[in-house]
Amino acid sequence: MYFTPTARLTTNGRMTVARTILKDGEFVDTTYEHKDTLFRIMKPEEKSKVKDFMLDNFYTNAIVPSAIKLRDTWPKFEYLNDEMDLMLDSPACVVTTNVKDEIVGAVINTIWLTDPDYEAFPVDPVEWLNLSGDIAMETTKDPLYRAVIWRNYQFMLIYHLTQSLAQKHGCAYYLYGGMGYTKPEYRSRGGTPLFMSFCNDWAESKNTLFFNTATYPGFMTMIERNLPGMFVTLANMPYNKLTFRLQDDDFSAFSALEEGMVLMASNRISA
């Protein structure tokens, strides 16, 4: 595989993934009331509040961040703050609020500009992630720094694969649906299919693409049941194929997880 990730190794605990994002575009109006919740665009003044919500919920409980103990890397390393800013500085973040106007859910996303000069060569995504783990383990014994290195390379892989397809379709920019979390007591409101549908509609209206990474068991089945044919699989990364370890004498960080990560893309672009 043609892959030389050391050129983008994070040597200071910061994110090295491209931050060329669309900051001033208009996103689809996602306002939707359902029972006792309101699904809407995040207001700019809510950025700090949403960041705290994601730190306390998504990065603490979500499958992949939890497996690599990503929340524990902050504030020792700046990477996590960089990752959140990449998403929160875009106009495409949404929140769910309850009747008290408290944030009970959030999905933070970014709109990457397509770089026509980016060299989007073919890669094996599992090999990429495992080589990333090898580099992290060879670079440091610090499990938190290892987590930062691996996560940075994971985002580089997402950028690489999405740039490749965006170039192929001649997109000026595209939407990446990043990280989302809804408090358990509000998950029956159907927010995930609603969000995915909104994003796909926005992408079609802009003649571009929408990408999202599924990480938890049953996600793809749920999407196909609720939104049949809307997405295709761009990359499949089974957890039992990943070898990254936080400690030298430990099992893979993902050994206890079922299924895997799936990078999906919207199924078509409007003519």
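**Exercise 1. Find which strand gives the largest share of the lining of the largest pocket, and describe that pocket.**

Solution. Let's start with the lining, bearing in mind that this is a predicted model.

- Step 1: Strand 5, residues 173–182, supplies the largest share of the lining, with seven residues.
- Step 2: In total, 43 residues line the largest pocket. Nearest its centre lie Gly-180, Tyr-181, Thr-192, Tyr-216 and Phe-219.
- Step 3: Sort the lining by class, and you get 24 nonpolar, 16 polar and three charged residues.
- Step 4: For the volume of the largest pocket, the value is about 920 Å³.

**Exercise 2. Work out the strand order of the open sheet and name its edge strands.**

Solution. Now let's trace the sheet from one side to the other.

- Step 1: The open sheet is built from eight strands, and its order reads 1-2-3-4-5-6-8-7, with mixed pairing.
- Step 2: Look for strands that pair on one side only: these are strand 1 (32–34) and strand 7 (231–238), the edge strands.
- Step 3: From one strand to the next, the twist averages 20°.

**Exercise 3. Describe how strand 6 pairs with strand 8, and say which helix lies across strand 7 and strand 8.**

Solution. A good place to begin is the pairing itself.

- Step 1: Strand 6 (residues 210–214) pairs with strand 8 (residues 260–266) in the antiparallel sense, over four bridges.
- Step 2: Take Phe-211 as an example: its bridge partner in strand 8 is Ala-265.
- Step 3: The helix you want is helix 5 (residues 125–139), which lies across strand 7 and strand 8. Helix 5 runs at about 40° to strand 7.

How values were computed:
Residues are numbered from 1 along each chain as its sequence is written. This is a predicted model: local features need pLDDT of at least 70, side-chain atom pairs count only at pLDDT 80 or more; totals for chains, interfaces and linings use all residues. Side-chain values use heavy atoms; hydrogens and water are left out. On a 1 Å grid over the protein atoms alone, a cavity is a set of points where a 1.4 Å probe fits but cannot get out, and a pocket is an open set with protein on both sides within 12 Å along at least five of seven lines; lining residues have an atom within 4 Å of a point. Grid points are joined across faces, edges and corners, and a volume is the space filled by probe spheres set on the points. Helices (H or I, at least four residues) and strands (E, at least two) are DSSP runs, numbered from the N terminus. Ala, Val, Leu, Ile, Met, Phe, Trp, Tyr, Cys and Pro count as nonpolar, Asp, Glu, Lys and Arg as charged, and the others, Gly among them, as polar. Two strands pair if DSSP finds at least two bridges between them. Axes are lines fitted to C-alpha atoms, for helices over the stretch in contact, and angles run from 0 to 180 degrees between N-to-C directions. Contact means heavy atoms within 4.5 Å.
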